[in-house]
Amino acid sequence: MQLHEIELFAADPSQTGDFYQNTLGLSTKVDLPGLKVMDAGIPDFDFNVSAHHPDYKVSLSFLVEDLAEVHAQLSKKGVAVSPIEDSHLAMKGFYFIRDGIRIMIHSRSA
């Protein structure tokens, strides 16, 4: 399992993203309405500020090879996981909530 993304949710992602860019010095890789993706300085890792999931303040995303196996293992351990669905960037994924944090599990392969 590899940490793939940290996403912070903000009412105004542009303004919040500007803080990370102008105050902390991160460069912006993607700047869209409702989403700013910052260069975290780590290859294949995204640090996002978005308005996608306002019910949560933070989302973590992990990449795995065998999505169905991880889904089954977590279910067996009593984790209330969502169904596996199509996700962004041609990936599939599912999520669960732990301590108010939305945790996404993605796979690039189906």
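His52 sits in the loop between strand 4 and strand 5. In this predicted model, His52 has a relative accessibility of 45%, so it counts as partly exposed. Setting aside neighbours within four places in sequence, the residues in contact with His52 are Glu7, Phe9, Gly34 and Leu35. Phe94 makes a handy second landmark: 42 residues separate His52 from Phe94 in sequence, and their C-alpha atoms are 15 Å apart in space.

As for confidence, the chain has a mean pLDDT of 89, with 96% of its residues at 70 or more. Of the chain's elements, helix 2 has the highest mean pLDDT, at 96, while helix 1 (residues 13-23) has the lowest, at 89.

Now for the sheet. It is an open one, built from 8 strands in the order 2-3-4-1-5-8-7-6, with mixed pairing. Strand 2 (28-32) and strand 6 are the edge strands, each pairing on one side only. Helix 1 packs on the sheet, where it touches strand 1 (2-9), strand 2, strand 3 (35-39) and strand 4 (46-50). The direction of helix 1 makes about 15 degrees with that of strand 3.

Further along the strand order, strand 5 (residues 58-63) pairs with strand 8 in the parallel sense, over 5 bridges. In this pairing, Leu60 stands opposite Ile103 of strand 8. Strand 7 and strand 8, on the other hand, run antiparallel and are joined by 7 bridges. Here Phe94 stands opposite Ile105 in strand 8. The hairpin formed by strand 7 and strand 8 has 2 residues between the strands, and Asp99 in this hairpin takes a positive phi near 55 degrees. Strand 6 (residues 85-86) also runs antiparallel to strand 7, with 2 bridges joining them. Asp86 has Lys92 in strand 7 as its bridge partner.

What lies over these strands? Helix 2 lies across strand 7 and strand 8, running at about 25 degrees to strand 7. Four residues of helix 2, namely Leu67, Val70, His71 and Leu74, are buried. These residues sit on the same side of helix 2, because they cover an arc of only 100 degrees around the axis. Strand 7 and strand 8 are among the elements that cover the buried residues of helix 2. After helix 2 comes Gly78, with a positive phi near 90 degrees.

The packing between these elements shows up in the largest nonpolar core, whose 8 residues are Val64, Leu67, Val70, Leu74, Phe94, Phe96, Ile103 and Ile105. Helix 2 (67-76), strand 7 (92-98) and strand 8 (101-107) each give two or more residues to this core. Helix 2 supplies the largest share, with 3 residues. A separate core of 6 residues lies apart from this one and includes Leu8, Tyr20, Met38 and Phe47. In soluble globular proteins, nonpolar side chains tend to be buried together.

Back to Phe94, a member of the largest core. Beyond its neighbours within four places in sequence, Phe94 is in contact with Leu67, Val70, His71 and Leu74, as well as Val81, Ser82, Pro83 and Ile84. The contacts of Phe94 also include Ile103, Met104 and Ile105. Among these contacts, Leu67, Val70, His71 and Leu74 are the buried residues of helix 2, and Ile105 is the residue opposite Phe94 in strand 8.

Terms used:
Residues numbered from 1 in each chain as written. Predicted model: local features only at pLDDT ≥ 70, side-chain atom pairs only at ≥ 80, totals over all residues. Heavy atoms only, no water. Core = buried A, V, L, I, M, F, W, Y, C linked by side-chain atoms within 4.5 Å. Buried < 20%, exposed > 50% of the residue type's maximum accessible area, 1.4 Å probe, protein only. Contact = heavy atoms within 4.5 Å. Arc of directions from axis to C-beta. pLDDT = per-residue confidence, 0-100. Pairing = 2+ DSSP bridges. Axes fitted to C-alpha atoms, helices over the stretch in contact; angles between N-to-C directions.
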